[in-house]
Amino acid sequence: MTSLFKKFLPLEKTHAELVADSGVDPFHIVVERVLSATEAIINGRQMIMAGTNNYLGLTFDPECVAAACEAASKEGTGTTGSRMANGSYAAHVALENELAAFYQCPAAIVFSTGYIANLAILSTLTGPRDVILLDADCHASIYDGIRLGSAEVIRFHHNNPADLEKRLKRLGDRATHSLVVVEGIYSMLGDRAPLREIVDVKRRYGASLLVDEAHSLGVLGQNGRGLAEEFGVEGDVDFITGTFSKSLGSIGGFCVSRWPELENVRYAMRPYIFTASSSPSLIASTRKALQLLYRGSGLRKKLWDNATQLYQGLAAMGFNLGPEISPVIAVRLPASVGETTAIWNQLLSRGIYVNLVLPPATPGGGPLLRCSLSAAHDQGQIDAILDAFSEIRDQLHLHA
Ligand SMILES: Cc1ncc(COP(=O)(O)O)c(C=O)c1O
């Protein structure tokens with residue numbers, strides 16, 4: 001073994017202990033066959049998938065699948081290079097125009113993933129004279145973008161506009177050179193940013209605001225544009241980033257802005273310039289899904305009905321959940337990492353797949369069972385998820 005691997009030995013040990021404690025290896029789950037937006041075969045057994053972020057259930061939508069197949073057969077499987085080097089395909093530009101129209105913004109840039117969108121924007125938009133103030137619970141892609149850039153970084157307490165204000169105040173004149181970063185729906189606990197209050201603070205201090213709507217696109221707002229639309233504050237949000245990998249059922253990311261000058265940033269973003277652009281099939285299915293999302297108030301209603309039913313059902317059983325009803329439902333058990341992993345495995349053996357999220361990836365430090373709901377879940381599936389959790393509740397002797 002080369003000595004380079006030595007630093008990973010503690011990880012190997014922790015992993016081995018987890019497998020020994022729980023009797024399962026959660027990091028090597030293989031989805032053997034995908035059957036639909038909500039079902040798959042894992043360990044030879046049919047599962048209800050309740051941890052996929054497939055909020056509108058569009059991964060098997062016939063129009064999206066047909067658009068992807070047609071694009072692959074007409075334009076090939078990949079673009080084999082970046083947009084700066086190889087040129088943009090007409091469909092990349094069309095999708096940017098469609099996103100700009102959807103958000104009623106003058107500027108939009110499409111990236112290869114949502115992770116890359118945050119990496120590119122956060123590392124490039126701000127420089128050494130600028131300050132980024134980010135909510136402590138922001139996603140890893142936001143933290144990584146900041147690490148790649150050169151701005152000063154200040155974290156404020158999660159969903160705490162008063163703490164944000166305190167820190168902006170301390171900056172004095174530099175507050176006008178700052179970018180506040182929050183998320184529409186936070187990916188781990190499913191809670192929303194208090195965006196009206198955050199907008200109020202950022203206006204008073206002359207700061208700019210970026211909202212990552214990865215989990216709220218297609219989920220919140222009358223037209224599905226996310227939390228800024230839901231709260232009627234779109235005019236005060238300077239930048240929105242997001243992903244195609246959740247409600248749009250594809251892969252890719254984007255940034256839109258009310259400032260046309262966003263276009264100038266395109267030519268300076270290394271994670272945009274030095275990576276291959278999205279394939280024709282991904283862009284085609286995303287474009288189709290965006291049309292369906294725009295017209296998709298029925299899907300949004302179904303998603304929220306499902307989310308409300310599962311959240312209320314689990315709350316009534318006495319589970320400790322995230323703070324509000326959301327398509328992301330986090331269940332915190334009174335159990336160790338090993339015990340939670342074993343319980344997650346029991347859910348699998350009952351035919352229910354949810355995400356097992358272990359520290360340090362969780363807010364608050366403890367392990368989580370993270371469910372995400374889809375408009376494609378039917379009543380029988382919601383009942384089956386509730387039944388499986390009910391058995392776990394009995395086993396843990398929880399009380400409502
Ligand atoms: C808040 C947030 N931002 C960005 C991303 C990255 O998106 P992608 O999967 O497109 O890289 C995620 C993905 O989980 C996310 O939760």
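**Exercise 1. Find which oxygen or nitrogen atoms of the ligand meet polar atoms of the protein.**

Start with His215: one of its polar side-chain atoms sits 2.7 Å from an oxygen atom of the ligand. That makes a polar contact, meaning a pair of N or O atoms within 3.5 Å (within protein, one must be able to donate a hydrogen and the other to accept it, and residues adjacent in sequence count only if both atoms are side-chain atoms). Next, go to Asp212, where a polar side-chain atom is 2.7 Å from a nitrogen atom of the ligand. Then try Tyr115: here a polar backbone atom is 2.8 Å from an oxygen atom of the ligand. As for cover, the protein hides 83% of the 390 Å² of accessible area that the ligand has on its own, with areas taken from the Shrake-Rupley method and a 1.4 Å probe.

A word on the model: it's predicted, so local features need pLDDT of at least 70 and side-chain atom pairs count only at pLDDT 80 or more, while totals for chains, interfaces and linings use all residues. Residues are numbered from 1 along each chain as its sequence is written, and side-chain values use heavy atoms, leaving out hydrogens and water.

**Exercise 2. Describe the shell around the ligand.**

First, count: 15 residues surround the ligand, and the closest are Gly114, Tyr115, Asp212, His215 and Thr243. To be near, a residue needs a heavy atom within 4 Å. Second, sort by class: you get 2 nonpolar, 10 polar and 3 charged residues. Third, look for the top contributor, which is helix 5 (residues 114-125) with 3 residues. Helices here are DSSP runs (H or I, at least four residues), and strands are too (E, at least two), numbered from the N terminus.

**Exercise 3. Place Ser281 and list its contacts.**

Begin with helix 12 (residues 280-294), which holds Ser281. Now skip the neighbours within four places in sequence: Ser281 still touches Ala68, Ala71 and Ala72, with contact meaning heavy atoms within 4.5 Å. Finally, check Lys74: Ser281 is 207 residues away from Lys74 in sequence, yet 9.6 Å away in space, C-alpha to C-alpha.

**Exercise 4. Look at the backbone in two loops.**

Take Pro360 in the loop between strand 14 (355-357) and strand 15 (368-372). Its bond to Pro359 is a cis peptide bond, with omega about 10°. Then turn to Asn43, in the loop between strand 2 (39-42) and strand 3 (45-49). Phi of Asn43 is near 50°, a positive value in a residue other than glycine.

Terms used
Ala, Val, Leu, Ile, Met, Phe, Trp, Tyr, Cys and Pro count as nonpolar, Asp, Glu, Lys and Arg as charged, and the others, Gly among them, as polar.
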